[in-house]
Amino acid sequence: MKVFSRYLLIITLVFSLFACTAKENIPSSTTIANDDQLALNALVDFLESLHAGKYDEAAQFYGGTYEIMINHNPDIAPQDHAALLRNACTINGAQCLQVRSTGLEEKISDTEFTFKVEFQNADGSLFVIGSCCGEEETEALYHSIFSFRVSKNAEGNFQVMDMV
């Protein structure tokens with residue numbers, strides 16, 4: 001009887017969780033997205049493009065510096081942003097992983113936002129980065145949440161400003 005009661009309690013909790021979960025609002029074609037949603041869309045499009053190997057598309061969503069990528073790839077023209085992004089993901093050690101979750105971290109201004117992003121490994125597990133370069137390994141040094149800044153440019157388009 002105790003086992004049956006536990007199962008009943010678990011089933012009740014599961015149904016309660018589903019009942020309390022907010023339903024996702026699917027915007028209609030007449031809904032105008034607000035700037036934080038447009039900024040988030042630009043970030044997700046950028047990260048998904050990198051993960052999918054669509055570097056030309058990703059370059060359209062990136063407005064940050066290419067300085068490190070240029071330094072790592074002296075044989076690539078500094079204006080060839082798609083090639084620099086490709087090499088970052090395929091040769092230079094950048095982790096261009098699939099997005100697992102995103103959320104607004106901070107609204108810096110009307111035109112600049114910071115978002116937190118979690119990524120997943122190829123096996124679907126949470127990507128976690130640990131200590132580096134001889135640091136002492138402690139749980140405090142491991143993290144799975146990464147911040148990205150997204151800003152509206154002069155043309156009114158949102159672009160990712162950080163490559164983490």
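**Close-up 1. Gly 53 and the end of helix H2.** In this predicted model, helix H2 is followed by Gly 53, a residue whose phi is positive, near 80°. The helix itself, spanning residues 35-52, has 18 residues and reaches 25 Å from its first C-alpha to its last, which is close to the 26 Å expected at 1.5 Å a residue.

**Close-up 2. The buried residues of H2 and what covers them.** Along H2, the buried residues are Ala 39, Leu 40, Ala 42, Leu 43, Val 44, Phe 46, Leu 47, Ser 49 and Leu 50. Their cover includes helix H3 (55-60) and helix H5 (81-90), together with the strands E1, E2, E3 and E4, the last of these comprising residues 158-160.

**Close-up 3. Pairing of strands E1, E2 and E3.** Strand E1 (residues 98-107) and strand E2 (residues 112-120) run antiparallel and are joined by eight bridges, forming a hairpin with four residues between the two strands; within this pairing, Thr 102 of E1 stands opposite Val 117 in E2. E2 also runs antiparallel to E3, to which six bridges join it, and here the bridge partner of Phe 115 is Phe 148 in E3.

**Close-up 4. The largest pocket and its lining.** The largest pocket holds about 600 Å³ of space and is lined by 24 residues, with Gly 93, Ala 94, Gln 95, Met 163 and Val 164 lying nearest its centre. Helix H2, helix H4 (67-72) and strand E3 (146-152) each contribute at least two residues to this lining, which by class consists of 18 nonpolar and six polar residues and has no charged ones.

Conventions: Residues are numbered from 1 along each chain as its sequence is written. This is a predicted model: local features need pLDDT of at least 70, side-chain atom pairs count only at pLDDT 80 or more; totals for chains, interfaces and linings use all residues. Side-chain values use heavy atoms; hydrogens and water are left out. On a 1 Å grid over the protein atoms alone, a cavity is a set of points where a 1.4 Å probe fits but cannot get out, and a pocket is an open set with protein on both sides within 12 Å along at least five of seven lines; lining residues have an atom within 4 Å of a point. Grid points are joined across faces, edges and corners, and a volume is the space filled by probe spheres set on the points. Ala, Val, Leu, Ile, Met, Phe, Trp, Tyr, Cys and Pro count as nonpolar, Asp, Glu, Lys and Arg as charged, and the others, Gly among them, as polar. Two strands pair if DSSP finds at least two bridges between them. The expected span of a helix is 1.5 Å times one less than its number of residues. Buried means under 20% relative accessible area, exposed over 50%, partly exposed in between (1.4 Å probe, protein chains only). Contact means heavy atoms within 4.5 Å.
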